[in-house]
Amino acid sequence: MKKLTCFLLLLCLLLSPVMVWAANTPVKNGTVQDQAGMFREEALASLEQAAQGPLYTFYILTIDSLQGEDPFDYTTRVFNEWGLQNNEILLLISSQDRRIEMNLVSEELQRSARSFYGGGDVGELIGRLTEEYFIPAAKEGDFAQASLNLMNAVHELAAEDAEAVQPASVPDPEPEAPAADPEPQAGDMSPAETSADVDKKPLIPPLSQWNWTLIAIVLTSVVLAWILLYGMILKIQWSKLRSRANQLLIEVSHANEELKPYVGLVQGQTEKLVNQLNELVTLLLIDLGKLQQDMEAKILFIRLLALRQGIRKGRLTVANCQAVFEKIYPEIVRVGETERQVTRKVEDLSGKLEAAQSTVQRLAEKHSFPLTCMTEELTELEAELSRVRDLKVFDPLRASEAAAGLTQPMEKAFKEAEELPQWLNKYNAFPQTLSECRQELERWINEHCLKLVGIDPYSKLDEAQRNMEPLSAELRVGNMPNIRQISGRMDELLAEALEMTKRHAYLRGKNQEDIRFIKQKIAEFAKVEADLEQILSDLREAFVKEHWVDLAVSLEAAKRMMQDTAVQLPNVIKLTDDDHQHFEEARLKLDEMLQWLDGVDQISSHCQSISMQLNEAMDDLRTVVNESWKQFMESAQLARNEKLIFLEGAGPDETYPIIYPMFQKLKSMLHTTPYSLQELERHVREFSGRIDDFVIHVEFVLGEKNYALEAISFMESSFQSAVARTRRKIRVRKYEKNYRNILYEVNNLMASGFYMDAAEKVNEVQYLIDEMDNEYQRKLYSERTAASSSSWGSSSSETSIWGSSSSRKPSGSSIWGYGSSRNTSGSSTRDSSSSQNTSGGSSWSSTSSRNTSGGSTWGSSSSANKSGGSSWGSGSNNNNKSGGSNW
């Protein structure tokens with residue numbers, strides 16, 4: 001597949017010049033080919049119909065750009081390659097070059113042009129045709145109409161000339177077919193024409209003249225070179241693959257050497273793993289050895305198929321072996337590494353075991369303790385460690401697991417052996433600790449004059465002392481869990497004894513402080529009660545019962561709580577005095593009293609808050625009523641001042657009889673007690689809602705009126721401006737009459753209150769303005785068209801003709817614009833027959849310019865090509881020198 005691809009690419013490279021040369025000319029397809037998209041779709045049918053004339057047929061071609069090629073050379077080449085005949089004309093339009101070029105060979109049409117314009121060079125005459133009939137519409141951007149104008153002018157010119165040459169006695173003659181061009185004679189060719197024809201030979205000869213033998217030799221050489229190069233590449237790949245296989249074989253052999261010491265010597269899990277790895281390594285050695293043997297065979301580099309197959313097979317084998325080796329080699333390494341790790345682990349565990357045994361033995365001798373539990377535990381660990389040593393020799397994997405399981409117990413035994421001296425020291429120091437705790441208790445008791453009523457801290461100390469005997473027994477046998485438990489309990493007992501004594505002292509002071517606070521609150525409540533009674537009395541007079549009944553209930557509850565507090569306080573004082581010291585019992589009653597006092601404070605704050613809220617609500621209602629009434633009066637006055645007309649009878653005069661009674665009723669309710677907030681709020685909402693609706697309606701109607709007035713003012717100004725702008729060109733009386741009629745209807749609508757209808761009606765003035773502007777623009781356009789028709793014919797042109805042989809090839813161009821122009825044109829003959837090519841062109845712009853245009857003839861037929869064209873634009877192009885104004 002790769003060989004076929006390379007061959008096709010080489011063939012495409014060899015033939016690419018031919019394909020590029022043939023792609024420059026578009027394929028002939030119909031009479032109108034709009035490749036540049038310059039025509040409207042709806043105009044294509046008209047162009048195709050106009051192209052089919054009674055005497056001549058036009059072929060229109062639009063392109064984006066000539067890409068620097070001479071317009072005459074391009075149109076002549078397209079004319080010849082399309083095989084156009086004597087009665088066919090090629091019309092070329094270039095969008096980016098702004099160029100129009102017309103190419104033809106008909107002698108009859110050339111004579112018609114000379115007769116119409118009174119003689120002159122054919123190229124210049126063609127340029128004048130394009131200038132007069134194509135340029136005006138092209139300047140407006142309508143290229144379809146420009147082409148229609150030019151084709152119709154040529155058809156009319158040809159028809160007039162045909163009627164003039166018909167016999168006078170023959171009525172309505174049929175148009176004659178164009179005369180066939182005479183066959184070229186050998187004597188008609190000049191030396192200049194012959195040399196020019198030789199110079200214009202195509203760069204690439206036709207296929208019939210190619211040297212196919214040489215091409216075959218070149219292609220064969222290229223194929224052989226490709227085979228040799230590809231074979232060498234495969235040979236290099238073969239060598240690299242062989243080196244890679246040898247390297248892998250060496251690595252597998254080294255792994256096999258690492259595994260050999262364990263084959264047949266291990267047991268259990270290690271034996272199973274080693275056997276599996278040994279089988280896989282053996283298979284790898286066999287496969288790689290066979291591959292190495294196959295790759296040692298000599299294969300010529302020109303045997304492409306054998307090399308490719310060998311490389312593909314070798315790569316697959318090496319890849320498979322590499323994947324298997326990468327999977328098993330870590331396991332081989334793990335076997336050896338596990339044995340080394342187990343050896344180090346066993347040595348570490350042995351060291352810790354020996355240290356723990358030495359510590360336990362030393363403690364037993366020092367304190368004459370048997371330490372039975374610790375000794376038995378160490379003996380069991382020693383047996384387990386001995387089993388690990390045995391497994392290490394024959395089953396390293398299983399030995400590694402056993403050593404990992406033995407690590408934590410060994411760490412625990414070693415740590416307990418190190419902690420045992422600390423517990424012995426703590427046991428020996430406990431009597432001193434107990435004595436210090438007893439002294440601390442006595443200090444608190446004496447300092448705060450405590451009688452320890454209801455508590456017994458000394459019993460805690462005695463219980464801690466009784467635990468010393470069980471702790472001693474556990475220390476003798478070395479039972480560390482029980483040692484920790486008993487010792488912890490002894491510490492807790494000492495802490496509890498000290499803590500209950502400290503709390504007793506704290507409650508003695510705290511209870512006295514709270515008793516003083518409660519006495520103060522009882523004394524202050526008399527004044528608070530009087531204030532609350534006054535608040536409740538005011539609320540009873542100002543509001544209905546539903547607003548203050550809950551406050552009355554809460555106030556009675558506060559009174560009861562204060563009475564209960566005053567009754568129970570003497571008993572609490574007795575419980576907490578120095579003679580009784582029932583601090584815990586007194587504390588419970590004091591906490592309850594404090595909760596009652598908090599409730600009384602909350603009730604007091606709630607009563608004051610409710611009173612304030614009710615009074616603020618009444619003030620807010622009075623403010624809303626007054627503000628709403630003020631807003632109503634302001635909106636009513638605004639409506640009267642603006643002379644607003646309300647269509648739905650919702651004006652100030654209609655609304656006032658409804659709003660005023662509601663206002664008077666609310667004023668009466670706000671001055672009559674007791675108040676009911678719910679009823680007042682309902683009436684105030686209704687009152688303010690009606691006023692809000694009225695205010696919104698007034699603002700809406702006022703907005704409609706202002707909008708209508710702004711629209712009327714704007715349209716009046718726009719219409720007066722339009723009249724002032726257009727009255728010099730058009731008659732504006734009819735528009736003014738319609739305008740007055742519209743204003744009459746608008747004023748009637750405004751007087752009736754139909755403001756939005758008036759705004760919509762006044763918009764009809766815009767239609768009058770648009771009609772005035774359209775009529776004004778049409779008037780200006782007609783004047784400009786008339787001015788253009790009278791100005792383009794006033795320019796003068798001068799043409800000079802030059803040639804290089806006895807055959808004359810005229811070419812000319814002219815400038816359309818508001819200034820004068822000087823055109824210089826030239827042509828040269830290069831033809832292998834008696835054909836004559838004529839080229840003419842013109843530029844349209846609003847500037848003056850100096851154009852240089854040339855044309856040449858070439859071909860193998862007896863036709864004579866005449867070509868003329870025009871360029872449109874306001875800038876400089878090629879050798880154009882221009883200045884003036886744009887159109």
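The side chains of R438 and D462 meet in a salt bridge, with N and O 3.9 Å apart. R438 belongs to helix α13 and D462 to helix α14 (residues 457-466), so this pair ties together parts of the chain that lie 24 residues apart in sequence. The structure discussed here is a predicted model.

## Salt bridges

The distance of 3.9 Å between R438 and D462 is accepted as a salt bridge because the rule asks for a side-chain nitrogen of Lys or Arg within 4 Å of a carboxyl oxygen of Asp or Glu. R438 counts as partly exposed because its relative accessibility is 26%, and buried means under 20% while exposed means over 50%. D462 is also partly exposed, with a relative accessible area of 34%.

By this rule the model holds 40 salt bridges. One of them joins D491 and K426, with an N to O distance of 2.7 Å. Here D491 sits in helix α16 (residues 480-542) and K426 in helix α13 (residues 396-448), so the contact ties together parts that are 65 residues apart in sequence. D491 is partly exposed at a relative accessible area of 34%, and K426 is partly exposed at 36%.

A further bridge connects E584 with R503, whose closest N and O atoms are 2.9 Å apart. This pair links distant parts of the chain, with E584 in helix α18 (residues 583-641), R503 in helix α16, and their positions 81 residues apart. E584 is partly exposed, with a relative accessible area of 37%, and R503 counts as partly exposed at 38% relative accessibility.

The three pairs are set out below.

| Salt bridge | N to O distance |
|---|---|
| D491 and K426 | 2.7 Å |
| E584 and R503 | 2.9 Å |
| R438 and D462 | 3.9 Å |

Salt bridges also occur as a network, in which K460, E463, R489, E492 and E496 are linked. As a general matter, side chains of opposite charge can pair when their charged atoms come close.

## A buried leucine in helix α14

Helix α14 also contains L461. L461 is buried, with a relative accessible area of 0%. The C-alpha atoms of L461 and R438 are 7.6 Å apart in space, although the two residues are 23 residues apart in sequence.

## Surface patches

Which residues form the positive surface patch? It is made up of R731, R733, K734 and R778. K734 is placed in helix α21 (residues 733-752). At 47% relative accessibility K734 counts as partly exposed, and it can therefore enter a patch, for which over 30% relative accessible area and no salt bridge are required.

A nonpolar surface patch of about 320 Å² is made by L280, L283, I286 and V324. Helix α10 (residues 268-295) gives the most to this patch, with 3 residues. V324 lies in helix α11 (residues 304-367). V324 is partly exposed, with a relative accessible area of 31%, and so passes the cut-off of over 30% for patch residues.

## Cysteines

How many disulfides does the model contain? The count comes to 0 disulfides. In general, a disulfide is a covalent bond between the sulfur atoms of two cysteines. C321 counts as buried at 4% relative accessibility, and C607 counts as buried at 4% as well.

## Backbone features in loops

Three loops carry backbone features of note for inspection of the model. A cis peptide bond joins T673 and P674, with omega at about -5°. P674 is found in the loop between α19 (652-670) and α20 (677-726).

L371 has a positive phi of about 50° although it is not a glycine. This residue is placed in the loop between α11 and α12 (372-394). L371 counts as buried, because its relative accessibility of 1% falls under the 20% limit.

Q581 likewise shows a positive phi, of about 55°, and is not a glycine. Its position is in the loop between α17 (549-575) and α18. Q581 is buried, with a relative accessible area of 1%.

Definitions and conventions:
Residues numbered from 1 in each chain as written. Predicted model: local features only at pLDDT ≥ 70, side-chain atom pairs only at ≥ 80, totals over all residues. Heavy atoms only, no water. Patch = residues over 30% accessible without salt bridge, like charges linked within 9 Å, V, L, I, M, F, W, Y side chains within 5 Å. Areas by Shrake-Rupley, 256 points an atom, 1.4 Å probe, with all protein chains shown as cover. Lys, Arg positive; Asp, Glu negative; His and termini not counted. Charge placed at Lys NZ, Arg CZ, Asp CG, Glu CD. Helix = DSSP H or I, 4+ residues; strand = E, 2+ residues; numbered from the N terminus. Buried < 20%, exposed > 50% of the residue type's maximum accessible area, 1.4 Å probe, protein only. Disulfide = S-S within 2.5 Å.
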